[in-house]
Structure formats: structure tokens, C-alpha cells
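Q: I'm new to this one, could you walk me through it?
A: Gladly; here it is, and then we can take your questions in turn.

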Amino acid sequence: MRIATMQKRCVRLILAVLAGATFFSPPLGAQELEKIVIGHSNIRNDTAAFWVPKELGIFRKNGLDPSIVLITGGVRMTQTILSGSAPFGMTGAVLVASAVASGADSVMIAGITNRLTYDVWARPEIKRGEDLRGKTIAISGFGSSSHVACFLMLQHFKLDEQRDHITFLVVGDEPTRAQALIAGGFDATIVDPSVSGPLRNKGFTYLGNLQDLGVPFVNNALISTRRYVKENPRAAEAVVRSLVEGNAFMLNPANKARVMSILAKNLRLDPKDADKTYADLIAKVERRPYPNMDAVKATIQVMGSRNPKIAPLKPDDLVDLSILQRLEKNGLMK
């Protein structure tokens, strides 16, 4: 009898301990989620590559709890990744090439925008590309994607920075440049169509879209360091997987309303602007988000003509396709 009573007390004690352990321990899902920081250097529609999987819970499904953080300007974004403050970020091949040429550990692990999407906008009195002679053009930073894109834009208009006395002015990210052009701080700039609305509405001169140049260009890619990818393979694959799954969601026409609502929320769009912004985004989204290797090669050639340290680089020096290739082999990008 006493033995039976003692057995009952032991069972109660064990149940109480287990109940307490369950009460004080976080849920299994919360234990498994890895907190990471993912940066982006501009507020524009292709940042939906991060916003959509965040809003839909795709990152959480893949074991991540990311903070999506604006780090203004590609140069600062690259510095943040190199410092380890954010293991992942979105910026262009231009800055990866500059970092690698200087001996830094920087690598593209997925493509986001494989084309020059910038609109060229100028003060109302400027009517043609050749009118940019002697003018000031705003960029995000020297050596940035916008800086190199402006070189290509000037080539298209048969202009030369030195010969035609054109000055570059560092102003900031694209929304900042658009507002500063309206305020009259300079003569022209390039911004993504998704942030061109205020310039269009204020009567500024549209000189064209750089995509018409037909020049391949990795305007935005998912960036990390080779060391982080090697030491944190699960997190790196989870981020790329989430991006791929988010792209698949965006490319499904049945999800248009949901994607538009995410764009409107993050870009603070009026409903009338959301449809155009959505259409512009879908034209950029890659079902198989590989960085365009021809574009990487073109970037090296353009930058190498101005920076001898970049000229010897090869596309493979800037890109690691192993995660994308593994995901495709496993059937994720069918």
C-alpha cells in the first residue's frame, strides 16, 4: 500500500516537472527560428524580394526570423555586410566588384534585378539627353550602381563626363534624389520607375529608361560573404529558398492583389499607383534568380576601364551559384 502511494506521488512529481518544463520553455518553433538581419539600400519595388516572404511567413517556414532593415546607399550596405552587422543584403554587382578588387570578402548568391531599370529624369527646361552638357547629375555614391549606370547613360547620349563638363553629386538613395531634384538641388538623376511618380506629377522631363539600352546589368543581387555562407550553410540556404519561394508567389497572377497590398504598404502608395508599380515589378522578377553572368562580365569590363584592380576579375570571383544550383536540382524552381 505504501509502495503504491509512493509510486503515485512519483508520477505526480514527474508530471509536475514536465508541466513546468513545458510552461517555461519556448515553443519548439520559436526555438528553431534563427534571427538574422537582411539589409536593403533603397526603398523600391524590387525590395519585394524580401517584403513578400516576410509578410507571407515564408522566412518563418524556412526557420528564420529576419529583420528587414533599410541601410541607405549601396556603399553603406556593402560595408555593413563586410562588418558582419548584417549577414545578407541587397545591392549591385558594381559594389561587389569594388569590394573583391580591394581584397574584401563579398559575394553574390542570388540575382534580384538583372537589368538597368532606372528612369532618367531632369529639370523641366532640359528637353533632350544632349542638354545634360555642363549639368549636375545626382547619384547615391561614387562607385555605386547608380554612378556606373550614369556612365552607361551618358554613353547612350554620346556624352562624356570630362569633355562635356558633367558633374556627379552624391545625394543619397532614390526617393531622396527624387525629392531633391524637385527641390532644385541639381539638374538630373536616375531613379527606379517605382519611385518616379512625384517627378512625373511635377512635370519634370523624362529622358527614357535605361533598360532600353539593352545592356545587361546586375542592378540588385542578394549579397553575403563567402565566409558566412560556408560557416552558416543552413541560414544561407534558407534565405535563398525564401527568396525563390517569394518570387514564385509574386509571379502567380492569382496573387496579384496580395502582392499589390504588400507593395502599397511598404512603398506607401496610393491605390491608383499600386497597379503600375506591380506591373513594373513583375517584369523584373526571376523565376530562377541566377545573377546574369554576362551582366557580371559587362560590369567588370565597364569598371575595369576605370579601376585597374577590377579589370583582372572573372565573374566567378563575384558569384557563388552553389545554393541556387542545389535548390534547382532538388526541384524548387520548376
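A: One term comes before the rest: two strands are said to pair if DSSP finds at least two bridges between them. Please also keep in mind that this is a predicted model.

Q: Okay, which residue stands opposite Asp-119?
A: Asp-119 stands across from Val-191, which lies in β8. The strands β5 (residues 119-122) and β8 (residues 188-191) pair over 4 bridges, and they do so in the antiparallel sense.

Q: And in what order do the strands of the open sheet come?
A: The order is β7-β6-β8-β5-β9, which makes 5 strands with mixed pairing. Because β7 (167-170) and β9 (205-209) each have a single partner strand, they stand at the edges, and one side of each is left without a neighbour in the sheet. From one strand to the next, the twist averages 25°.

Q: What does helix α7 touch when it packs on the sheet?
A: Helix α7 (residues 145-156) touches β5, β6 (136-139), β7 and β8, and its direction makes about 145° with that of β6. Helix α8 (residues 174-183) also packs on the sheet, where it touches β5, β6 and β8, with its direction at about 150° to that of β8.

Q: Switching topic: which residues of α13 are buried?
A: In α13 the buried residues are Ala-274, Thr-277, Tyr-278, Asp-280 and Leu-281. They cover an arc of only 165° around the axis, so they lie on the same side of α13.

Q: What do those buried residues pack against?
A: The buried residues of α13 pack against α3 (48-56), α11 (233-251) and α12 (256-267).

Terms used
Residues numbered from 1 in each chain as written. Predicted model: local features only at pLDDT ≥ 70, side-chain atom pairs only at ≥ 80, totals over all residues. Heavy atoms only, no water. Helix = DSSP H or I, 4+ residues; strand = E, 2+ residues; numbered from the N terminus. Axes fitted to C-alpha atoms, helices over the stretch in contact; angles between N-to-C directions. Contact = heavy atoms within 4.5 Å. Buried < 20%, exposed > 50% of the residue type's maximum accessible area, 1.4 Å probe, protein only. Arc of directions from axis to C-beta.
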